[in-house]
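User: Let's walk through this one together. I'll ask, you reason it out.

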Amino acid sequence: MSGVRRPTGPRLTALRREAIVLVAVVAVIAVLVLVGLGAGSIPLSPGQVVAGLAGQGDRISDFVIGQLRGPRVLGAVLVGGSLGVAGAIVQSVVRNPIASPDVIGVTSGASAAGLTAIVLFGASGGTLFSVVLVGAVVVSTVIAALAWRRGITGNRVVLVGIGVAAVCLSITGWMLTSGSVTQAGTALLWLSGSLNAVDRDLVGVLGVAFVVLLVLALLQSARLQVLGLGDEVAAALGLRPDRAKVLLLLTAVSMTAAAVATAGPVSFVALMAAPIARRLVGGGRVALAPAAAVGAAITLGSDLIAQFAIPGNALPVGVVTGVVGAPYLLWLLARGR
């Protein structure tokens with residue numbers, strides 16, 4: 001039809017490369033899923049895993065996949081995918097490679113809210129999910145208000161976010177010293193970013209939230225590309241930059257909060273996923289879908305390492321992502337201006 005504009009030339013090539021990268025990363029995720037569902041004290045072969053996923057497995061494989069390993073593997077994919085998209089949005093809007101939810105205080109605010117609810121009220125499940133979401137939104141609003149100077153600028157958001165994160169970390173420390181030994185142990189495990197005892201119901205809620213928020217993010221991806229040209233150019237093209245930034249950041253904050261509510265603050269996934277996806281896709285594209293896939297692969301791979309690196313001692317996945325992500329952050333700071 002003559003009224004439909006089809007991508008041609010360099011744009012079509014870029015879309016093809018993005019699709020190829022997405023398929024390749026999804027294939028890596030599929031392999032990691034097979035390993036995650038099959039490895040453990042009750043080993044399952046790839047054939048048993050596939051049969052179990054297809055609903056044709058025996059009672060043992062159905063129990064292991066459905067009750068023991070399935071929620072953890074699915075949680076890792078959804079948490080990583082959520083953080084990957086959130087990091088891509090924040091870094092693109094703020095136009096700063098270290099402006100991930102981890103660094104600018106969003107994750108710290110969500111964690112402080114969740115920990116307060118756990119220690120003071122014993123919150124869990126849907127209540128914890130709601131509290132973490134509200135905490136993330138409130139902290140993000142405070143950061144935006146303090147950083148606002150005729151719009152949202154990258155350096156101010158990062159610096160204000162680091163300051164707000166320090167305040168939130170102080171609240172976290174206060175809550176840890178105020179609770180009982182049992183509460184402190186539970187809280188520390190959650191704060192490490194753990195999938196060791198992930199709540200199946202929360203994984204289901206995260207799945208719904210991830211699908212809805214990912215669709216919203218993809219619908220706004222064109223605005224994200226335009227914002228990358230600068231606020232003046234975006235305004236000249238008919239976009240209202242500040243309004244677009246607020247909507248995009250609200251989507252990113254919601255995805256971060258949903259991930260934190262499910263597994264705690266899994267550090268540095270949001271920081272690493274988007275740059276890796278952009279490097280793979282090339283052309284300076286934001287690449288939200290590849291960022292989600294890379295985030296899922298990082299989290300799932302890190303969780304497998306956390307489970308089996310030390311026999312008989314399953315580590316929180318956040319420990320592994322922190323070991324990889326902290327040097328990456330230092331490298332970014334060292335090479336930047």
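Analyst: One term to start: contact means heavy atoms within 4.5 Å. This is a predicted model, in which local features need pLDDT of at least 70 and side-chain atom pairs count only at pLDDT 80 or more, while totals for chains, interfaces and linings use all residues. Residues are numbered from 1 along each chain as its sequence is written, and side-chain values use heavy atoms, leaving out hydrogens and water.

User: Which residues is D303 in contact with, leaving aside its neighbours within four places in sequence?

Analyst: D303 sits in helix 13, residues 288–308; helices are DSSP runs of H or I with at least four residues, numbered from the N terminus. D303 has a relative accessible area of 2%, so it counts as buried (under 20%; exposed is over 50%, partly exposed in between, with a 1.4 Å probe and protein chains only). Setting aside neighbours within four places, the contacts of D303 are R72, L195 and V317.

User: Which helix gives the most to the largest nonpolar core?

Analyst: A nonpolar core is a set of buried Ala, Val, Leu, Ile, Met, Phe, Trp, Tyr and Cys residues joined through side-chain atoms within 4.5 Å. The largest one here has 97 residues, and I29, V85, I89, V132 and L288 touch the most other members. The top contributor, with 14 residues from 59–94, is helix 3.

User: And V85: what does it touch beyond four places in sequence?

Analyst: V85 is among the core members that touch the most others. Past its sequence neighbours, V85 is in contact with L214, A217, M255, L288 and A292.

User: Are helix 3 and helix 8 roughly parallel or roughly antiparallel?

Analyst: Their axes come within 9 Å and cross at roughly 30°; axes are lines fitted to C-alpha atoms, for helices over the stretch in contact, with angles from 0 to 180 degrees between N-to-C directions. Residues that meet include G75, L78, V85 and I89 in helix 3, and L206, G207, F210 and L214 in helix 8. Under 35 degrees is roughly parallel, over 145 roughly antiparallel, 65 to 115 roughly perpendicular and the rest oblique. Helix 3 and helix 8 are therefore roughly parallel.

User: What about helix 4 and helix 11: is their crossing left-handed or right-handed?

Analyst: These two pack at about 45° with axes 10 Å apart, which makes helix 4 oblique to helix 11. V106, T107, A110 and S111 in helix 4 meet V253, T256 and V260 in helix 11. A crossing is left-handed if the near helix is turned anticlockwise from the far one by less than a right angle, and right-handed if clockwise. For helix 4 and helix 11, the crossing is right-handed.

User: Is F268, with its positive phi, buried or exposed?

Analyst: Most residues other than glycine have a negative phi. F268 goes the other way with a phi near 70°, in the loop between helix 11 (241–263) and helix 12 (269–281). At a relative accessible area of 15%, F268 is buried.

User: Same question for R95: buried or exposed?

Analyst: R95 has a positive phi too, near 60°, and is found in the loop between helix 3 and helix 4 (106–121). With a relative accessible area of 54%, R95 is exposed.

User: Last one: how far apart are the end C-alpha atoms of helix 5?

Analyst: The expected span is 1.5 Å times one less than the number of residues. Helix 5 has 23 residues (125–147), so it should span 33 Å. The model agrees, with its end C-alpha atoms separated by 33 Å.
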